[in-house]
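Me: I would be grateful for a close look at a single residue of this protein and at its setting in the whole chain. Please keep the account connected, moving from the residue outward.

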Amino acid sequence: MVSSELLNILQGLSRAEKLYVVQVLISGLAQQEADLIKPEQSYPVWSPYNAFEAANTMLEVLQATQNQNNAEC
């Protein structure tokens, strides 16, 4: 939780100082994100191949939408 004292200090900074703080925070976040993906390691990725239930659900929704559009005409 961010303390009200810290927020008050940040509000009192000049525009340039605020931009510097933002830059430092964003750089830290970017570094943390880069650390999540390790080189030479494999990661599972979902693929739509052989996703027959998902395809069936999408087809049912498409057919229901087409039926609704036909009924409105």
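The residue in view is K38, and the request concerns where K38 is placed and whether K38 is buried or exposed.

Reply: The model is a predicted one, and the description below begins with the position of K38. This lysine belongs to the loop that joins α2 (15-36) to α3 (52-72). With a relative accessible area of 44%, K38 is partly exposed, because that value falls between the 20% under which a residue counts as buried and the 50% over which a residue counts as exposed.

The side chain of K38 has a partner in the backbone: one of its polar atoms lies 2.7 Å from the backbone oxygen of D35. A separation within 3.5 Å is what a polar contact requires. A further distance concerns Q63, which is 25 residues from K38 along the chain. The C-alpha atoms of K38 and Q63 are 43 Å apart.

The setting of the loop is a protein with three helices and zero strands, its elements following the order α-α-α from the N terminus. The radius of gyration of the protein is 25 Å, whereas the globule rule gives 11 Å for 73 residues; the protein is therefore more spread out than a compact globule. Along the principal axes, the C-alpha trace extends over about 60 × 45 × 25 Å.

Surface values complete the picture. Of the 73 residues in the protein, 1% are buried. The exposed area of the protein comes to about 7,200 Å², with 61% of it supplied by carbon and sulfur atoms.

Technical notes
Residues numbered from 1 in each chain as written. Predicted model: local features only at pLDDT ≥ 70, side-chain atom pairs only at ≥ 80, totals over all residues. Heavy atoms only, no water. Helix = DSSP H or I, 4+ residues; strand = E, 2+ residues; numbered from the N terminus. Buried < 20%, exposed > 50% of the residue type's maximum accessible area, 1.4 Å probe, protein only. Polar contact = N/O pair within 3.5 Å; in protein donor to acceptor, adjacent residues only side chain to side chain. Rg over C-alpha atoms; globule rule 2.2 N^0.38 Å. Areas by Shrake-Rupley, 256 points an atom, 1.4 Å probe, with all protein chains shown as cover.
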